[in-house]
Amino acid sequence: MRKLSIILSILFMCLIVPIAYFTVVGIEYAYVPSDSNVDTKESNSFKGIRQMTSNVQEEPDHEFIQTGRKLFYEETFGNEVFFTDVMGMFDGALTLPNVASAIIKLNGQGTDNLQVQAAKSVIIGDRKVNKGDLIDTGLDVPKGALIPLGVKVRYEEGKVRAGISCAVCHSSLDNQKEVVHGIPNADLNIGLLVALATNSASYFTHTEMKNIQDFITSTDRTVKSTEGEELALPDIQRLEKYVDQEVMKWPRGGNDTTIDLINNPVQTPDVFTLGDHPYGWSGQGQLGPFKGLSAIINNAHAQNMDAVSQMTISKEILGIDKELYVAILLQNAADKRYRYDSESGESPTDFLAKVDPTPNADGVLELIESPSYPKVSFLSSVGLFASSDGYRAWEQLNSMSAFMNSLKPPKTTINNDDKILRDGESVFNRAGCIKCHAGQYLTNNQLMSPKEIGTESSRARALNNTEKFFSNPGGLYDPETPVPLPEKPIIRELTLTAEQEKQLKRSWGHNGSDGAYKVPSLVGLYWSAPYLHDGGVAVGQYLNEEIGVNDTLYKGKKADPINSLLALIDSELRQKVVKENVKNQKLKTAHVSGEGHEFWVDHTTGFTEEEQQALIMYLLTVTDQNDGSKSK
């Protein structure tokens, strides 16, 4: 009996010790695929990492790129807290147990659209989801994977949380359900996933909100402003319903990426980034390592993965007092630990300070104050840098930049003969495409005003409010600076030429500028349909039936690259696309039209249908012939 008791005690200890350990220390998992699609010779600016102020291109070492690959797939900077505990993405109809159940049902086969059973009935926007309905998430699950691509699950403090990495948007699957680095997840249903969250209102800055006062129905719940004024809180349910309606307007494969209180979603770009500078649809990523690529990755994390990070700039940029802003985000937080109660007598910022897992900087992500903090700069739209303890400042971002610059698009499945490609290149030159899309990476790396390109302008000027609270040009920490930051870190100030400053102000919409759009590289064009910044040039597989976003992306049908590219260059087909888009009120109010870039290659400019098709085949397969770029 004593022997049995000892054995049971040992078994109990073997079980309870690991559970206790992981409860306190935590365990995490994310799927990281192989690096078969990485070309370590085509990478950029290791000297730029070391010097920080340099844009010289050099070759990072293999180990640095491999670190970037790993971080690209698993680094969340702790956004599990925002998406799980604050936004409540998995507390509504979408739950982590049901996600796991859906993956188990795949039996290892993989999918490019994980369908998850709704855990309960909800109404989001104008849509009702019944318990048991299948939710089209658009999440990719590679063959044999235990978790969606770009999702990290973490167990800590007795709770399971989930966050997202770069890969959730910027890698996807081929027809064999194997991972292809760098291609966009064109059917990721971001708007639906946010709307299904129980506190989607925490993302209200990404909506077309005219005035927060419109959502105040009583003065029963108030907070004191930073100046001591009593400010009423918006009605929780009214605000939640509005944000649900707004984010549900986003077409699959796109989302709003700016905090200007304008709903202007953009499509997710590929990340075949080498030679494709400046970065971001408006070209705002121009400074710092990798020609501004690290800065644009920083904004994706520091700004878009944690609305709390904007608390210090909310008054100047959004016109909302800091205390009120924090209270709005947290008044309906999913986890009680982060839920602010206005009757507690405690200020919202004092409450946040007590529960903040990262108290050294604003927000709940792993962030550090930038040299420009509290002001924003050309390096950070929120005045913060994404960096985790134990790394050097920006080391994670720079390694991910190196990885992205090492990527090349996979070959397409299109078979063309040499004559079609020669004819297509001839049309490309004669039609004048080469004026903008020239050189090795099929771009002149320039900016164009909305008037020049003729497209929807709201996204081009989305950063203009940042001028109200701005530090020009900003600076970077010495690359050897450890995180957490020392008391007096070494700062490398950046200097700008007059031309650099002019272009940056254009792309950020400063100094009276209407903003700009970059001339994108055409490398990997086959993988990036639909086209234009808003993804509005969308045509499905059936040319006469699936025209515009409403008949494609809104219905879960992917844009066909051949037909969508035809709509980009054919005036009559584009007219049909725009007509279908603008008559949809949701798309109209989300500034998605498919208008602009009216550089026709059709009968109106003297080209035949055969020449159109030759041009399309050339553009979609040019990188097939040249190993990832037009020429060497």
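Visitor: How many disulfides does the count come to?

Guide: This is a predicted model, in which local features need pLDDT of at least 70, side-chain atom pairs count only at pLDDT 80 or more, and totals for chains, interfaces and linings use all residues. Residues are numbered from 1 along each chain as its sequence is written, and side-chain values use heavy atoms, with hydrogens and water left out. A disulfide is a pair of cysteine sulfur atoms within 2.5 Å. By this rule the count is zero.

Visitor: Which cysteine sulfur is nearest to that of C169, and how far away is it?

Guide: C169 is buried (under 20% relative accessible area, 1.4 Å probe, protein chains only; exposed is over 50% and partly exposed lies in between), at a relative accessible area of 16%. C169 takes part in no disulfide. The nearest cysteine sulfur belongs to C166, at 8.8 Å.

Visitor: Why is C436 not bonded to C433?

Guide: C436 counts as partly exposed, at 22% relative accessibility. The cysteine sulfur closest to that of C436 is in C433, and the separation is too far for a bond: 9.1 Å.

Visitor: Why is α17 described as roughly perpendicular to α18?

Guide: Helices here are DSSP runs of H or I with at least four residues, strands are E runs of at least two, and both are numbered from the N terminus. Axes are lines fitted to C-alpha atoms, for helices over the stretch in contact, with angles from 0 to 180 degrees between N-to-C directions. The axes of α17 (residues 561–569) and α18 (residues 571–582) come within 6 Å and cross at roughly 105°. Angles of 65 to 115 degrees count as roughly perpendicular (under 35 roughly parallel, over 145 roughly antiparallel, the rest oblique), so α17 is roughly perpendicular to α18.

Visitor: Which residues in α18 are met by α17?

Guide: Contact means heavy atoms within 4.5 Å. On the α17 side the residues are N563, L566, A567, L568 and I569. Their partners in α18 are S571, L573, R574 and V577.

Visitor: Is S388 buried or exposed?

Guide: S388 sits in the loop between β15 (384–386) and α13 (395–405). Leaving out residues up to four places away in sequence, S388 touches E75, F77, E366, Q396 and V483. Its relative accessible area is 6%, so S388 is buried.

Visitor: What distance separates the C-alpha atoms of Y554 and T481?

Guide: Y554 lies in the loop between β19 (517–518) and α17, and is partly exposed at 21% relative accessibility. Y554 and T481 are 73 residues apart along the chain, and their C-alpha atoms are separated by 46 Å.
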